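I opened the notebook today to look up the sheet, the helices beside it and the aromatic rings. The entries below are kept in the order in which I went through them.

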Amino acid sequence: MTRFTLRYFFSSLCVTALLAIPAMADTFPSKPVRIVVGFSPGGSNDIVARQIAPKLGELLGQQVVVDNKPGAGGAIAISAVLASPADGYTLAMCTTGTSSIQPHLGPMPFNPELDLVPVTLIANAPYVLMVHASLPVKNVKEFVAYAKQNPGKINFASSGNATGGHLAGEMFKAAAGVNLVHVPYKGTNQAIADLVSGQVQAIFDQPLSSMQYVRTGHLRALGVASLKRLSAYPDLPTIDESGVPGIDPVTWTGICAPKNTPPAVVNRLQTDIAKVLAQPEVSRKLVQDGLEPVGNTPDQFRAFLVADKAKWGRVIKQVSLKSE
């Protein structure tokens with residue numbers, strides 16, 4: 001084969017590859033889309049995914065299914081997504097834990113910054129300190145006093161080791177000077193079930209998956225782990241204003257795709273998800289659940305991830321958190 005023939009051959013390959021990208025975008029989606037959630041059904045991430053999935057399906061013209069793969073703080077789900085083709089049909093519900101916390105704690109089976117493509121940030125949410133109704137405390141001040149009188153006797157649940165709820169508890173322990181025992185679960189749903197039954201006494205969780213049990217009287221909400229009150233619960237004070245300053249471990253939920261997913265497909269997904277979040281009934285429901293809808297661009301989400309990872313890195317260093 002001559003040099004001219006080789007040059008023509010490789011030039012043709014490049015042109016064909018470039019033409020294939022818009023073609024893929026034009027045909028996307030031609031089959032159902034799957035959102036993989038790294039936590040059990042009933043948790044806050046699962047609830048958010050199931051709120052947006054049907055509306056997103058209407059815009060895409062294809063069914064959007066939610067697939068739960070709990071374990072390892074969400075890492076099992078991310079690994080499953082990365083093992084799938086980078087074509088936009090398998091998406092990850094990426095979270096604070098998998099993208100901003102776990103990279104600081106040791107080796108991971110993947111690199112969130114290199115192996116995932118940010119699609120959009122769905123929502124931000126602060127944690128709320130909740131306790132079982134049988135605990136003889138009615139506010140943060142009383143909880144701190146009770147914990148100091150009973151060191152090591154209060155268990156606080158989380159959806160897993162090194163998750164945002166775990167780290168929020170560690171931040172609280174350090175700031176309040178109390179000894180709470182961490183009990184990790186494989187998902188929020190299991191943690192809440194044991195909290196409601198009284199097997200554990202406290203949790204730092206998003207209000208979306210927990211406030212229903214406050215309304216039924218099974219749990220008691222003591223304070224918001226944020227520097228400002230939630231608009232959905234204006235009467236609930238912040239932990240900061242309750243005498244334990246600087247507690248602001250706001251968590252988030254977003255959509256990511258495997259690396260090499262075509263940019264046109266990523267942009268289509270982001271545009272439609274942002275449209276879903278802008279729908280009044282969706283936005284209103286998220287706000288009522290204590291969430292702040294976002295729906296930013298992939299570039300904006302990428303910049304947010306860089307800043308958020310640095311923020312949590314400082315927090316982890318401050319409380320000397322290590323993998324268990």
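My entries on strands, helices and rings follow.

Entry, the model. I note at the outset that I am reading a predicted model.

Entry, the sheet. I looked up the strand order and found six strands forming an open sheet, β2-β1-β3-β10-β4-β11, with mixed pairing. At its edges I found β2 (64–68) and β11 (292–293), each of which pairs on one side only. I then followed β1 (residues 33–37) into β3 (residues 90–95), and these two strands pair in the parallel sense over three bridges. When I looked for the bridge partner of Val36 in β3, I arrived at Ala92.

Entry, helices on the sheet. I traced helix α3 (residues 75–82) across β1, β3, β4 (116–125) and β10 (251–258), and its direction is about 150° to β3. Helix α12 (residues 298–319) lies across β3, β4 and β10, and I noted an angle of about 75° to β4.

Entry, rings. I looked up the aromatic pairs and found seven in the structure. For Phe172 and Phe204 the ring centres are 5.5 Å apart and the planes stand at 50°, so I recorded the pair as tilted. Phe172 belongs to helix α7 (residues 164–176) and Phe204 to strand β8 (residues 202–205), so this pair ties together parts that are 32 residues apart in sequence. I checked both Phe172 and Phe204 for exposure, and both are buried. Following the ring pairs onward, I found that they link Phe143, Phe156, Phe172 and Phe204 into a cluster.

Entry, a charge and a ring. I looked at Lys31 last, and its charged end sits over the ring of Tyr89, 4.8 Å from the ring centre.

Terms used. Residues are numbered from 1 along each chain as its sequence is written. This is a predicted model: local features need pLDDT of at least 70, side-chain atom pairs count only at pLDDT 80 or more; totals for chains, interfaces and linings use all residues. Side-chain values use heavy atoms; hydrogens and water are left out. Rings of Phe, Tyr and Trp (its six-membered ring) pair if their centres lie within 6.5 Å; planes under 30 degrees apart count as stacked, over 60 as edge-to-face and the rest as tilted. Helices (H or I, at least four residues) and strands (E, at least two) are DSSP runs, numbered from the N terminus. Buried means under 20% relative accessible area, exposed over 50%, partly exposed in between (1.4 Å probe, protein chains only). A charge sits over a ring if NZ of Lys or CZ of Arg is within 6 Å of the ring centre and within 35 degrees of the ring normal. Two strands pair if DSSP finds at least two bridges between them. Contact means heavy atoms within 4.5 Å. Axes are lines fitted to C-alpha atoms, for helices over the stretch in contact, and angles run from 0 to 180 degrees between N-to-C directions.
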